[in-house]
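Okay, thanks everyone for coming. Today I'd like to walk you through some charged side chains and who pairs with whom. Let me put the structure up.

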Amino acid sequence: MCRFLLLENEKIAGFLVLTVIQCLGYPDVYTCRRCARICHRILETVSWNEQYTDLLGNKMFSIVVKAIVTEPKWMVGLEWDMINVLRDVYCRLVLGQTLLPGGQGPGLQQPRDPTNPALFEQSKSVDKPLQGGGVLCRSSDMPRVILSRLPSISVENIQTLDKGLTEKRAAKDQVRRFCELLKLVSAYLNILLFQSCYS
């Protein structure tokens, strides 16, 4: 059913995915937690399909980053779910790493294509989303661009993030890397807010 909804009918798929992505910003913990789980299923099913690169790498990624960085009060207790969605998108679209279902477990690095080093080889579980799904063979820069546009984030920060995510692929290490990076942005925004309140 999931495969049919997301891959067989473009009209249904586009609106369905966009609706789920927009629900990630809905101010209700229960709704967002359920939508985060659906987002993992979407990523497992279609991340290898280039038609979804903009929806996943741009729209989904930016909504999740915004929710994490702005720290709205309704998101208390939901931060780890959102960071796991962020990690799932980044690993599949940028680094060529598959994850276990639900964005769990270590990032399993896919080898580079021997005939074209710019591409990743597709995972063997691409047709089996319940076993981890696939990766985008041609790495996308959309998530990197979104991160680079955030205040206090430099290209060096993103290069350090990429290096850390490929060297240590355990879920705990990768989540920690994202937390460290996004705390820089959050701290910067809090300083700006504080200055604007007292100026």
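Before anything else, keep in mind that this is a predicted model. The salt bridge count here comes to nine, and I'll just talk through a few.

Let's begin in helix 8, which covers residues 171–197. Which partners does R176 have there? One of them is D173: the two form a salt bridge, with the closest N and O atoms 4.0 Å apart. Within the helix, R176 and D173 sit three residues apart, so about one helical turn separates them.

Now look the other way along the numbering, to E180. The side chains of R176 and E180 also meet in a salt bridge, at 2.8 Å from N to O. That pair lies in helix 8 too, four residues apart, again about one turn of the helix.

Are these residues buried or exposed? Well, R176 is partly exposed, at 36% relative accessible area. D173 is partly exposed as well, with 22%, and E180 is also partly exposed, with 41%.

Okay, on to another group. Salt bridges with shared partners link D141, R144 and D162 into one network. Let me pick out one piece of that: D141 and R144 form a salt bridge, and their closest N and O atoms are 2.8 Å apart. As for how open they are, D141 is partly exposed with a relative accessible area of 45%, while R144, also partly exposed, has 23%.

So, to recap: R176 bridges to D173 and to E180, and D141, R144 and D162 belong to one network. Happy to take questions!

Conventions
Residues numbered from 1 in each chain as written. Predicted model: local features only at pLDDT ≥ 70, side-chain atom pairs only at ≥ 80, totals over all residues. Heavy atoms only, no water. Buried < 20%, exposed > 50% of the residue type's maximum accessible area, 1.4 Å probe, protein only. Helix = DSSP H or I, 4+ residues; strand = E, 2+ residues; numbered from the N terminus.
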